[in-house]
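Open the model in your viewer and keep the selection panel at hand. The stops below go from one site to the next.

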Amino acid sequence: MKLKNYFKKRDLKKPGEPKPVLKKSKTKNQIFVIHKHYASHLHYDLRLEINGVLKSWAVPKQPPRTKSIKRLAIQVEDHPLEYAKFQGEIPEGMYGAGKVKIWDSGTYELLEKTKDKIEIKLNGKKLKGKYVLIRTNYGSKPKKSWLFFKV
Ligand code: MN
């Protein structure tokens with residue numbers, strides 16, 4: 001089931017975060033968004049529309065605008081497409097409590113996708129051009145660590 005872990009971690013009857021309406025996937029003008037998330041540790045959440053959901057990674061440091069900087073990106077649960085427009089405050093005591101702001105957004109082109117590598121061309125306001133996500137071998141299974149960088 002799509003978004004299983006998203007539902008599992010939240011009580012969506014309470015006001016706040018978007019309630020998903022599951023739709024079929026698009027093939028053109030996929031959206032991406034990077035949230036700046038002032039949780040217990042400030043981080044950025046990179047989200048790419050893939051097959052009707054937002055595949056998501058938590059990036060502990062600011063995503064790079066230039067080549068030669070590689071950022072760790074930890075894959076987290078898929079989020080609903082509606083989350084791309086979300087900004088606001090996740091209440092105290094809830095999963096991911098803290099302020100969420102859109103740091104960058106736009107569309108992207110999927111250039112290549114395998115199990116361990118995603119190559120994209122971003123058309124955002126801050127991030128533009130070719131970027132790569134590569135799964136690393138760190139940690140135990142399932143491998144959730146990726147590297148995110150501009151090429
Ligand atoms: Mn987050």
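Begin with the lining of the largest cavity in this predicted model: its residues divide into 5 nonpolar, 1 polar and 3 charged. To display the lining, select Asp11, Leu12, Lys14, Pro15, Gly16 and Glu17, then add Ile90, Pro91 and Met94. The space these residues line amounts to about 50 Å³.

How many cavities of 30 Å³ or more does the structure hold? There are 2, and the next stop is the second largest, with a volume of about 40 Å³. Select Val21, Leu22, Gly52, Pro80 and Leu81, which are the closest to its centre of the 10 residues that line this second largest cavity. The lining of the second largest cavity divides into 7 nonpolar, 1 polar and 2 charged residues.

Now move to the manganese ion and show its donors as sticks. Which atoms coordinate the ion? They are ND1 of His37, NE2 of His43 and OD of Asp45, at 2.2 Å. Along the chain, the donors of the manganese ion follow the spacing H-x5-H-x1-D.

Stay at this site and colour by relative accessible area. Are His37 and Asp45 buried or exposed? His37 has a relative accessible area of 7%, so it counts as buried, the cut-off being under 20%. Asp45 is buried as well, because its relative accessible area is 5%.

To finish, show the manganese ion with His37, His43 and Asp45 alongside the 2 cavities.

Note on methods. Residues numbered from 1 in each chain as written. Predicted model: local features only at pLDDT ≥ 70, side-chain atom pairs only at ≥ 80, totals over all residues. Heavy atoms only, no water. Donors = N, O, S within 2.8 Å, 3.2 Å for Na, K, Ca; no water. Buried < 20%, exposed > 50% of the residue type's maximum accessible area, 1.4 Å probe, protein only. 1 Å grid on protein atoms, 1.4 Å probe; cavity = no way out; pocket = protein on both sides within 12 Å on 5 of 7 lines; lining within 4 Å. Points joined across faces, edges and corners; volume = space filled by probe spheres on them. Nonpolar A, V, L, I, M, F, W, Y, C, P; charged D, E, K, R; others polar.
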